[in-house]
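The following account introduces a protein structure to a reader who has not met it before. Please keep the sequence and the model in view while reading.

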Amino acid sequence: GRNGDGGPATRADHGVPAHVALDPTGRYVAVPTLGNLVRRIDLETGLIETVAGDGEQRTTGEGGPAAKASVESPHAAVYDEGGNLYFPDGQNVIRRVLAESGRIETAVDGLKGGAFKLLFAPDGTLYLISGDPSGGRVSRVAGDGSLEVVVGTGALGASDPKAAATILEGCLDASDPFLRLAALDGLRALGVVMTWERLSRL
């Protein structure tokens with residue numbers, strides 16, 4: 001739950017942490033949890049607070065204060081350069097918490113299976129790695145919020161770590177260096193151990 005808000009992070013009960021994300025200033029770490037919360041730790045003071053979620057497993061509160069909204073199993077997170085925090089909310093959307101106002105809004109809709117990894121490219125493009133019912137995919141988010149599949153046709157069948165890993169391994173030979181990095185990060189998330197010989201060719 002939200003036990004410990006405003007107190008030391010080492011004494012807080014925040015459920016099972018699913019990921020960590022460092023903000024652009026290097027001061028804050030966002031921690032999405034399997035308890036339907038996104039919490040933030042101030043690395044200077046050691047204090048913890050809830051950024052998004054009330055502990056209920058649902059998606060509510062659009063446009064309102066993120067800390068009063070409900071979020072569903074946020075298991076990844078990433079900050080953009082402006083300090084806005086993005087995370088998957090359930091299986092269909094990515095939401096963001098605005099740095100200036102603390103309000104929550106939908107950034108991307110129509111994921112069809114969620115995302116287990118979010119990354120921002122140096123040019124500000126948001127990439128996501130997903131494992132939807134038609135197979136693993138690497139997609140990027142266009143300026144209008146629509147998704148463009150970069151790699152993955154869904155031909156490998158049901159959502160399966162091995163299928164997703166096969167797609168990501170194909171990305172390791174891409175000409176785009178950021179896509180190679182995203183693929184490597186995704187493989188690590190899946191627990192795939194890369195040989196030194198393979199890493200040296202990236």
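**A guided reading of the model**

With a relative accessible area of 23%, Glu105 is partly exposed, because this value lies between the limits of 20% for buried and 50% for exposed residues. The model in which this residue sits is a predicted one. The partner of Glu105 in a salt bridge is Arg96, and their closest N and O atoms are 2.5 Å apart. Arg96 is likewise partly exposed, its relative accessible area being 23%. Side chains of opposite charge can pair when their charged atoms come close.

From this pair one may step back to the protein as a whole. It contains three helices and twelve strands. Of its 202 residues, 45% are buried. The protein exposes about 10000 Å², and carbon and sulfur atoms supply 51% of that area. Among the contacts with a separation of 6 or more, 37% are between residues 24 or more positions apart.

The strands at the beginning of the numbering offer a convenient place to start. Strand β1 comprises residues 21-22, and two bridges join it to β2, the two strands running antiparallel. Ala21 has Ala30 of β2 as its bridge partner. Together β1 and β2 form a hairpin with five residues between them, and in the turn Gly26 has a positive phi of about 80°. Strand β2 then pairs with strand β3 (residues 37-42) through six bridges, again in an antiparallel arrangement. Across this pairing, Ala30 stands opposite Arg40 in β3. The hairpin of β2 and β3 has three residues between the strands, and there Asn36 takes a positive phi near 65°. Strands of a sheet pair through backbone hydrogen bonds, either parallel or antiparallel.

How many of the six residues of strand β2 are buried? Five of them are, so this strand, residues 28-33, is largely enclosed by the rest of the structure.

The loop between β1 and β2 also holds a charged residue, Arg27. The side chain of Arg27 meets that of Asp42 in a salt bridge of 2.7 Å, N to O. This pair links distant parts of the chain, since Asp42 lies in strand β3 and the two residues are 15 residues apart. Arg27 also forms a salt bridge with Glu44, at 3.7 Å, N to O. Glu44 belongs to the loop between β3 and β4, and it is 17 residues apart from Arg27. Arg27, Asp42 and Glu44 are thus linked in a network of salt bridges. Their exposure can be set side by side. Asp42 counts as buried because its relative accessibility is 8%, under the limit of 20%. Arg27 is partly exposed, with a relative accessible area of 29%. Glu44 is exposed, because its relative accessible area of 62% is over the limit of 50%. In the protein, the count of salt bridges comes to eight.

Further along the chain, four strands form an open sheet in the order β5-β6-β7-β8, with antiparallel pairing. At its edges are β5 (78-79) and β8 (104-109), each of which pairs on one side only. Five bridges join β6 to strand β7 (residues 93-97). In this pairing, Leu85 stands opposite Val97 in β7. In a regular strand the side chains alternate between the two faces of the sheet.

The nonpolar residues complete the picture. In soluble globular proteins, nonpolar side chains tend to be buried together. Which members of the largest nonpolar core touch the most other members? Of its 14 residues, these are Ala30, Val38, Ala52, Leu85, Phe87, Val97 and Ile104. Strands β4 (48-52) and β6 (85-89) each supply at least two residues of this core. Beyond its neighbours within four places in sequence, Phe87 is in contact with a number of residues, including Val38, Ala52, Val71, Pro74, Val97 and Ile104. The contacts of Phe87 also include Ile94 and Leu118. A second, separate core of eleven residues includes these two, Ile94 and Leu118, together with Tyr86 and Ala107.

Two residues tie these parts of the account together. Ala30 has Ala21 as its bridge partner, stands opposite Arg40, and is one of the residues that touch the most other members of the largest core. Leu85, which stands opposite Val97, is listed with Val97 among those same core residues.

Key:
Residues are numbered from 1 along each chain as its sequence is written. This is a predicted model: local features need pLDDT of at least 70, side-chain atom pairs count only at pLDDT 80 or more; totals for chains, interfaces and linings use all residues. Side-chain values use heavy atoms; hydrogens and water are left out. A nonpolar core is a set of buried Ala, Val, Leu, Ile, Met, Phe, Trp, Tyr and Cys residues joined through side-chain atoms within 4.5 Å. Buried means under 20% relative accessible area, exposed over 50%, partly exposed in between (1.4 Å probe, protein chains only). Contact means heavy atoms within 4.5 Å. Two strands pair if DSSP finds at least two bridges between them. Accessible areas come from the Shrake-Rupley method with a 1.4 Å probe; for residues, only the protein chains shown count as cover. A salt bridge is a side-chain nitrogen of Lys or Arg within 4 Å of a carboxyl oxygen of Asp or Glu.
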